[in-house]
Amino acid sequence: MATLRELKTRIGSVASSEKITGAMKMISSAKVHQNEQSLKKLAPFKNQIQSIMGHILSTDENFNSPLIEAREVKHASMVVYGSDDGLCGAYNINIFKGFLVELNKIKETYGKDVKITVYPVGSKIAKAMMRLVSDEFEVVVPEGVDSKMSGEKVTSFTHTLRDSFIAGETDLVEVVYMHFYSMGRQRLTTEQLFPVLADELLAGETRAEENQLYIFEPDPNSIFNEVLPMFVTSTMHEITIENRASEQAARVMAMQAANDNAKKLFEQLQLEYNKLRQESITTELLDILGGQVER
């Protein structure tokens, strides 16, 4: 049975843990709001690009771009976003499980012999991917690419994936990440980056009737090939920010759970301490009374 001193020490440790988890929750909450603001700032840029794409696609031109060229998939690349830091609950585990599901879908669709190259973003998810390395499964960790990378690095990484697709080194590029909806809701999402899907491009074709006011110079196809890489890059920036927001939201929930558990444990230890202290006081009183009776 624990002594009063041991219980007091444990109570102090739990109280300290409660303060730490509470502080970490506040920090992560602030980071979630910061990433939400970043998403709001990015939205007008991406919406404008989609609008331009919609106007261009609503013309009668035939568009050609290596980024929309679909071909037989013999080599698929998958970018999997995770985290570099822990204390975010089952965040990375859920991403890894979702990745395995998507990996099986690719093999079912394109054959079991399809070669897979994975680009993990985040040391935690990279560590899990390394266990799957085989002749048909390669893990590549690009230098400087992580969950905290700068905007310039996101752009550079996107260009690397684009160049790999254009060169025919890979036939399909997918991104697996946590789509951020709110503090309490994130959903694992798989998005095809290359070849660019027509449905993604047609998202901005809602105001095609306004095209009568546009004169394209030099020509719609040239503009299309200039704007399309910008659209892909903005998509990767959006995915990166959403992944960061989802990670911090998961950390908020994990810290909240840890804080609640610490409070419950603190109450239990405090109750046990009070009972033991009361027993000690009662024993001392009985000893005093027993001594007086003997006299």
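Let's start with a simple piece of this predicted model: β1, α2 and β2 together make a right-handed β-α-β unit. The two strands of that unit, β1 (residues 75-81) and β2 (residues 115-121), run parallel and are joined by seven bridges. If you'd like to find the pairing by eye, look for methionine 78, which stands opposite valine 118 in β2, and for valine 79, which stands opposite tyrosine 119.

Now carry on along the chain from β2. Another right-handed β-α-β unit turns up here, made of β2, helix α3 (residues 123-129) and β3. β2 and β3 also pair in the parallel sense, this time over three bridges. One spot to check is isoleucine 116, whose bridge partner in β3 is phenylalanine 137. As for β2 itself, six of its seven residues are buried, so the strand counts as mostly covered.

Step back and the whole sheet comes into view. It's an open sheet of five strands, in the order β3-β2-β1-β4-β5, with mixed pairing. Which strands stand at the edges? They are β3 (137-139) and β5 (185-194); each has a single partner strand, so one side of each is left without a neighbour in the sheet. From one strand to the next, the twist averages 25 degrees.

Next come the helices that meet this sheet. Helix α2 (residues 91-110) lies across β1, β2, β3, β4 (172-182) and β5, and runs at about 165 degrees to β1. Helix α4 (residues 151-166) packs on the sheet too, touching β1, β2, β4 and β5, and its direction makes about 45 degrees with that of β5.

What about the inside? As a rule, in soluble globular proteins, nonpolar side chains tend to be buried together. Here the largest nonpolar core has 31 residues, and the ones with the most contacts inside it are Tyr81, Phe157, Leu161, Phe194 and Met236. At least two residues of this core come from each of α1 (4-57), β1, β2, α4, β4, β5 and α6 (220-294). The largest share, seven residues, is supplied by α6.

Methionine 236 is a handy place to see how these parts come together. Leaving aside its neighbours within four places in sequence, methionine 236 is in contact with Tyr81, Val154, Phe157, Thr158, Leu161, Val175 and Leu193. Apart from this core lies another one, of 23 residues, with Cys88, Tyr91, Met178 and Ala250 among them.

Notes
Residues are numbered from 1 along each chain as its sequence is written. This is a predicted model: local features need pLDDT of at least 70, side-chain atom pairs count only at pLDDT 80 or more; totals for chains, interfaces and linings use all residues. Side-chain values use heavy atoms; hydrogens and water are left out. Two strands pair if DSSP finds at least two bridges between them. Helices (H or I, at least four residues) and strands (E, at least two) are DSSP runs, numbered from the N terminus. Axes are lines fitted to C-alpha atoms, for helices over the stretch in contact, and angles run from 0 to 180 degrees between N-to-C directions. Contact means heavy atoms within 4.5 Å. A nonpolar core is a set of buried Ala, Val, Leu, Ile, Met, Phe, Trp, Tyr and Cys residues joined through side-chain atoms within 4.5 Å. Buried means under 20% relative accessible area, exposed over 50%, partly exposed in between (1.4 Å probe, protein chains only). A crossover is right-handed if, with the strands pointing away from the viewer, the path from the first strand over the helix to the second runs clockwise.
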